[in-house]
Amino acid sequence: MKRTFFKMKEKGTEVILFLSALSTILITLSIVFILFYEGLGFFKVVSLMEFLTGTQWTPLFAQPKFGILPLVAGTFLVTGIAVIVALPMGLIVAVYLSEYAPFKVKEIAKPILELLAAVPTVVYGYFALLFLTPLLQKLIPNLSGFNALSPGIIMGIMIIPYVSSVSEDAMKAVPMQIREGSYATGATKFQTAFKVVIPAAFSGIAAAFVIGISRAIGETMVVAIAAGMMPNLTLNALEPIQTLTAYIVGISLGDVPHGTVMYKTIFAAGITLFLITLFLNVLGFWFRRRFREVY
Amino acid sequence: MMLEGQNKILEMRKRIALNKLRDHIFWMIGLLATLVGFVLLFTLMVDLLIDGLPRLGWQFVTSYPSRFPEKAGILSAWVGTTLVMILTAATAVPLGIAAGIYLEEYNKKNWLTHLIEINMNNLAGIPSIIYGLLALGLFVYFLKLGESILTGGLTLGLLILPMVVISTRESIRAIPNSIREASYALGATKLQTIRDHILPYSSGGILTGMIIGLSRAIGETAPIITVGALSFIAFLPTSPVTSTFPFFSIKWLFDPFTVMPIQMFNWVSRPQAAFQINAAAAGIILLFMTLLMNGFAIYLRYKFRKRIKW
């Protein structure tokens, strides 16, 4: 009697734990289902062709135009600026922490770097709009009050910890003997890091870069606050722009009745964003698995 | 002949010196690059403090938002944040720990658990605003929970779930197998082993992950805006304690709400400087809360790493 009770308790717990683990798959399925369920209505009104190739995004106009390109361009412009800041900096920080820094420096530097990723993004937005933009305007007089440059730079610094911590893990996974072989031939730390360790950890570093880019694309509040809310098909970082994420926030701020075209546009933008980041996540996963296989 | 050899040696020395110089220069660049992050963090804090510190005070914490910046405050925002965080923790922590235990302790190597693992990595990489869209479609309209505190808590709960799962798994993985075997050898069942050994020994790591997850949820703005939290709330949710039987009420779950980062966003996007000062003041509190939580998590991690030696 007691035994069967015991067994049932064991089995029951296992089932509950299993269902909890399974629920994470349910989240992904619901995301895909909801995005497409709500977004498909949009493509009944607007053709996929117009959506993908239209160069104007003016859903609020009397004669609305639904071309996603300006939002995608804005997203990639800000991401591009962030990447120019974050990738070299992240890599340098990773090389420094993994190859140069003494243990004590590492012990202090890593938690503080992590704090960079912990600061609420709305605070970064405030900083970009009210501190960095006025500062940059002194250097670049024709910089608009809302622009892509300032949030791009802030986002770049914000994602340094993502890039540096994954890159550093990859470099740490390179066996010590390989480094020692390089030192034995008389190479300096600098030569060893750039000619031996980085090539050996390449796919891990590539994964770090991809993760960083994906973060930048999905970042919302910094651009929503400091980049303006203007869909703008441009590569000029000095102008106001709007990203996919900022568009979703901008529309959600107002009252959007369920089922209207306006309501569906945010899901159409969401699908676009989801597919771009999904592609990058898969790419990053692939890179990471490759570097695990090497050693 | 002699001269040529000497020249070669000289040239080599030069090259070695050059290489050493490069090494030193890079060492300095590396240190500077690492410092850039600290400098930014420091500047940001000083900037916020200069702008917002004079505005902080009792009146600011106990007032509702207002059209007049000098009368406005964050009462509804911090109450909203507190309630949402309670629900976030209530969603993510049990579910995340349970999923983490399953994946580490019961992990049967089959396609399903493999899929769960790949999916977990993917979930952690989905932008937070997508969670907001999920919540808008699922909680607000499909399940008809409305633009309520419950919706907000569930949304952020799902958002930090992967973080809780990952930290649970990491701290469980750090427990050596000998502990499990010792427990089994005494006749303990799997459930008893987990309850009496695995969970207590990994509790430090799990707690750390939970705090970091919540500190991220506290600052999340985008998904909460998407589910339709309002930025102008001049009342508090229904009290959870009532004076008549049964002395508690769950009506607050369905009340509209606002949270700290939304209040800050609302103020920062207004053109008047007086509102932006309010934004800075709200930012100080927000930043202070996240830094405090993260600092506590770092301290916990450090402490547990020192104490536990297998």
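**Exercise 1. The nonpolar core**

Identify which residues touch the most other members of the largest nonpolar core.

*Solution.* Step 1: the largest nonpolar core holds 181 residues, of which Tyr126(A), Ile154(A), Ile225(A) and Leu133(B) touch the most other members. Step 2: helix α3 (residues 69–100) of chain A supplies the largest share of this core, 19 residues. Step 3: the terms are applied as follows. A nonpolar core is a set of buried Ala, Val, Leu, Ile, Met, Phe, Trp, Tyr and Cys residues joined through C-beta atoms within 7 Å. A residue is buried if 20 or more other C-beta atoms lie within 10 Å of its own, exposed if 12 or fewer, and partly exposed in between, with C-beta atoms placed from the backbone. Helices are DSSP runs (H or I, at least four residues), as strands are (E, at least two), numbered from the N terminus.

The model is predicted: local features need pLDDT of at least 70, side-chain atom pairs count only at pLDDT 80 or more, and totals for chains, interfaces and linings use all residues. Residues are numbered from 1 along each chain as its sequence is written, while chains are lettered from A and ligands numbered from 1 in the order in which they are written.

**Exercise 2. Leu133(B) and the interface**

List the contacts of Leu133(B), leaving aside neighbours within four places in sequence, and then describe the side of chain B that touches chain A.

*Solution.* Step 1: two residues are in contact if their C-beta atoms, placed from the backbone, lie within 7 Å. Step 2: on this basis Leu133(B) meets Ile34(A), Leu35(A), Ile248(A), Ile266(A), Phe267(A), Gly270(A) and Thr226(B). Step 3: across the chains, 72 residues of chain B are in contact with 72 residues of chain A. Step 4: helix α1 (residues 2–52) of chain B gives the largest share of its side, 18 residues. Step 5: that side divides into 45 nonpolar, 21 polar and six charged residues; Ala, Val, Leu, Ile, Met, Phe, Trp, Tyr, Cys and Pro count as nonpolar, Asp, Glu, Lys and Arg as charged, and the others, Gly among them, as polar.

**Exercise 3. Chain A and a helix of chain B**

State the secondary structure and burial of chain A, and determine how many residues of helix α10 of chain B are buried.

*Solution.* Step 1: chain A has twelve helices and zero strands. Step 2: of its 295 residues, 52% are buried. Step 3: in chain B, helix α10 (residues 260–268) is mostly covered, with nine of its nine residues buried. Step 4: the buried residues of α10(B) include Met260(B), Phe265(B) and Trp267(B).
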